[in-house]
Each structure stands twice: as structure tokens, then as C-alpha cells.
Amino acid sequence: MTISAFEEDTKKQPPWYQKEGKERQFAVCPACDNPIQILGLVERLAHTDQPYGRHTNKPVPGFERFDPTVFDWCPYLAKNRSGTVSGKRSSSL
């Protein structure tokens with residue numbers, strides 16, 4: 001993902017862009033639909049040259065969905081190192 005693509009898709013509008021002291025960028029986890037913060041998109045990080053998403057672990061204004069119970073199976077959480085990949089949540093949730 002490039003910053004120009006993200007800005008074009010989000011139009012730099014809330015809830016994707018939020019100012020909490022400094023400007024932060026948000027998205028939705030493709031596996032669990034919870035909000036994630038995009039790190040390294042605007043300011044490059046010392047440990048990687050690629051932006052990535054980190055789960056917020058708390059509700060984010062403007063995002064209706066926040067369900068901490070899905071953290072147990074979300075394959076994108078660092079704590080989930082079981083080696084198995086779960087699919088996207090079913091529509092019955």
C-alpha cells in the first residue's frame with residue numbers, strides 16, 4: 001500500500017484519518033473486521049520500510065465494530081502463533 005493510494009481511497013477523511021495529538025491513520029482488519037492503526041505509512045519506521053496494521057485493542061471513534069472476542073482467532077494478531085490460519089468470521093456472528 002502506498003500513501004497516495006490510501007489517501008485517494010480514504011480522501012483523508014475520518015474515521016480513516018484522526019488527530020489524537022498527531023495524525024493517525026486507521027483501517028479495518030480483513031480477517032476480524034476490527035479497527036487497526038496503520039503504522040509506517042506517513043512516517044517511516046526504523047525497523048521496516050513497509051507500512052503495516054496493528055490492532056488497536058480498543059474501540060476507535062467512527063468504527064462501529066469492535067469485538068475483542070475475535071482476537072482469540074484473528075490470524076493477524078502477533079500473539080496468535082498457533083501456525084493455523086483461521087478464515088474470516090462467518091456472517092452468522
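**Notebook: strand pairing and the largest pocket**

I looked up the partner of alanine 27 and found that its bridge partner is isoleucine 36, in E3. I note that the model is a predicted one.

I then checked how E2 and E3 are joined. The two strands run antiparallel, with 4 bridges between them. I next examined the hairpin that E2 and E3 form and counted 6 residues between the strands. Within this hairpin, aspartate 33 adopts a positive phi near 65 degrees.

I turned to the other pairing of E2. Strand E1, which covers residues 17–20, pairs with E2 over 4 bridges in the antiparallel sense. For a position in this pairing, I recorded that arginine 24 in E2 stands opposite glutamine 18. The hairpin of E1 and E2 has 1 residue between the strands. Here I found glycine 21 with a positive phi near 90 degrees.

I went on to the largest pocket and obtained a volume of about 200 Å³. Strands E2 (22–28) and E3 (35–39) are the elements that give two or more residues to its lining. Which element supplies the largest share of the lining? I found that it is E2, with 4 residues.

I listed the lining by residue. Among its members are Lys22, Glu23, Arg24 and Gln25, and the lining also includes Gln37, Ile38 and Leu39. I added Gly40, Leu41, Val42, Glu43 and Leu45, which line the pocket as well.

Finally, I sorted the lining residues by character: 5 are nonpolar, 3 polar and 4 charged. I note that Arg24 appears in this lining and that arginine 24 is the residue opposite glutamine 18.

How values were computed
Residues numbered from 1 in each chain as written. Predicted model: local features only at pLDDT ≥ 70, side-chain atom pairs only at ≥ 80, totals over all residues. Heavy atoms only, no water. 1 Å grid on protein atoms, 1.4 Å probe; cavity = no way out; pocket = protein on both sides within 12 Å on 5 of 7 lines; lining within 4 Å. Points joined across faces, edges and corners; volume = space filled by probe spheres on them. Nonpolar A, V, L, I, M, F, W, Y, C, P; charged D, E, K, R; others polar. Pairing = 2+ DSSP bridges.
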